[in-house]
Amino acid sequence: MTGLACALSCSAGHSDDAEYTLSDYEGARARWCPGCGDHSILTAVQRLLASEQLVPEQTVFVSGIGCSSRFPHYLRTYGFHGIHGRALPVATGIKLTRPDLTVFVVMGDGDCTSIGAAHWIHALRYNPDLTVLLLDNGIYGLTKNQTSPTTPQGWASNTQPRGSWLPALNPLSVSLGVTNASFVAQTAEWIPAHLTATLRVAHRHKGLSFVRILQRCPIFTPALYQQAVQDPGRVTLLVHDDGLLFPELEKAYPARLHHDPRDLDAARRLADSGDRLYLGVLFRDPTRACYEQIRRVAPRTTEERVALLEQELDRYAV
Ligand SMILES: Cc1ncc(C[n+]2csc(CCOP(=O)(O)OP(=O)(O)O)c2C)c(N)n1
Ligand code: SF4
Ligand SMILES: [Mg+2]
């Protein structure tokens, strides 16, 4: 069965005992540049969907605009390729009206931390049950090499050819500073085992799980993560008995730090420290309330929904 075929033919809940394989989640052929880190993120997401047996017609991917935001086209789930910076309000609206759906958000660094920054901060505070992926390549990729808030200071781009004037914004520190944020993690697309495991814990977290994925753009920022890719000694994996342990990465990534993800102060120190690259779950507090639990939208029957829609459309009758 293909997810889309099923999405078109069967009603929600119908396929409880269906077995979905990777190909059930494959959409259009990905058109990112060869070597783009988005390819490995797509593979990891498809693996997650299959391993969690997420029902395609009950899963939604919402994105903004950017190379990274082409994500929904490449999956056979529902998708909304929306407006630059506006993925989070769209996803929050979907989750509030349809809390039964599994909702993912995919954004670029420009999408999330620049034009969408206000939505990012308030979504973290509202804490709806969304899995939010920030694909951070340190540049505006789609619009061809423009400085973004996460571009390192001094890096030349088409908009700031003499080098970015400002120090880069740190998406982890910002997220950890927001009241009611409940899950903040960092992973890298060139370590697939870490990426997939991080996506799994993020998806299983109840509340907004914010995952910054370090993503290589070989066209515009090929050197951005080069040192960390070539020298695993620069990377420290965060481990905790309650979370990710990565025994399979012991050889390649021996540097480990035992970190309790409930310790917000320690998480902030790790996020702020510029000496090493820390990958793992920095913060997790499953007790923080989700917005859809606090502000319950009264469930409506199909007839009530249709009547409301008719009422709304009548306003535009000529
Ligand atoms: C309102 C609006 N402003 C600007 C743009 C132009 N625009 C499209 S994508 C983009 C930036 C994309 O960068 P990023 O979010 O980092 O994604 P990437 O392409 O790097 O994956 C910009 C400025 C737009 N489409 N809409
Ligand atoms: S420009 Fe960069 S981010 Fe965009 S598809 Fe190409 S490699 Fe990927
Ligand atoms: Mg970008």
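A convenient way into this predicted model is helix α7, residues 192-204. With 13 residues at 1.5 Å each, the helix should span 18 Å, and the C-alpha atoms at its ends are indeed 18 Å apart, so expectation and model agree. Much can also be said about how α7 sits in the protein: H194, L195, T196, A197, T198, L199, V201, A202 and H203 are buried.

Attention turns next to the metal site. The magnesium ion (ligand 3) takes its protein donors from D109 (OD), N137 (OD1) and I139 (O), at distances of 2.1 to 2.2 Å. Read along the chain, these donors follow the spacing D-x27-N-x1-I. Distant parts of the chain are linked here, since D109 belongs to helix α4 (residues 109-115), while I139 lies 30 residues away in the loop between β4 (130-136) and α6 (171-176). Both D109 and I139 are buried.

D109 also takes part in the surroundings of ligand 1, where one of its polar side-chain atoms lies 3.1 Å from an oxygen atom of the ligand. Two further contacts involve oxygen atoms of ligand 1: a side-chain N or O atom of S68 is found at 2.7 Å, and a backbone N or O atom of L142 at 2.9 Å. On its own, ligand 1 has 590 Å² of accessible area, and the protein covers 74% of it. The shell around this ligand holds 16 residues, of which C67, S68, G110, D111 and L142 come nearest. Helix α4 gives the most to this shell, with four residues. Sorted by class, the shell comprises six nonpolar, eight polar and two charged residues.

Ligand 2 has surroundings of its own, made up of W32, C33, C36, C67, N137, Q215, C217, P218, I219 and F220. Eight of the residues in this shell are nonpolar and two are polar, with no charged residue present. Two names here may already be familiar: C67 is among the residues that come nearest to ligand 1, and N137 is one of the magnesium donors.

Finally, the loop between β4 and α6, already met through I139, also contains T151. Is T151 buried or exposed? Its relative accessibility is 2%, and because buried means under 20%, T151 counts as buried. As for its place relative to Q46, T151 is 105 residues away in sequence, and the two C-alpha atoms are 29 Å apart in space.

Terms used: Residues numbered from 1 in each chain as written. Chains lettered and ligands numbered in written order. Predicted model: local features only at pLDDT ≥ 70, side-chain atom pairs only at ≥ 80, totals over all residues. Heavy atoms only, no water. Near = heavy atom within 4 Å. Nonpolar A, V, L, I, M, F, W, Y, C, P; charged D, E, K, R; others polar. Donors = N, O, S within 2.8 Å, 3.2 Å for Na, K, Ca; no water. Helix = DSSP H or I, 4+ residues; strand = E, 2+ residues; numbered from the N terminus. Buried < 20%, exposed > 50% of the residue type's maximum accessible area, 1.4 Å probe, protein only. Expected span 1.5 Å × (residues − 1). Polar contact = N/O pair within 3.5 Å; in protein donor to acceptor, adjacent residues only side chain to side chain. Areas by Shrake-Rupley, 256 points an atom, 1.4 Å probe, with all protein chains shown as cover.
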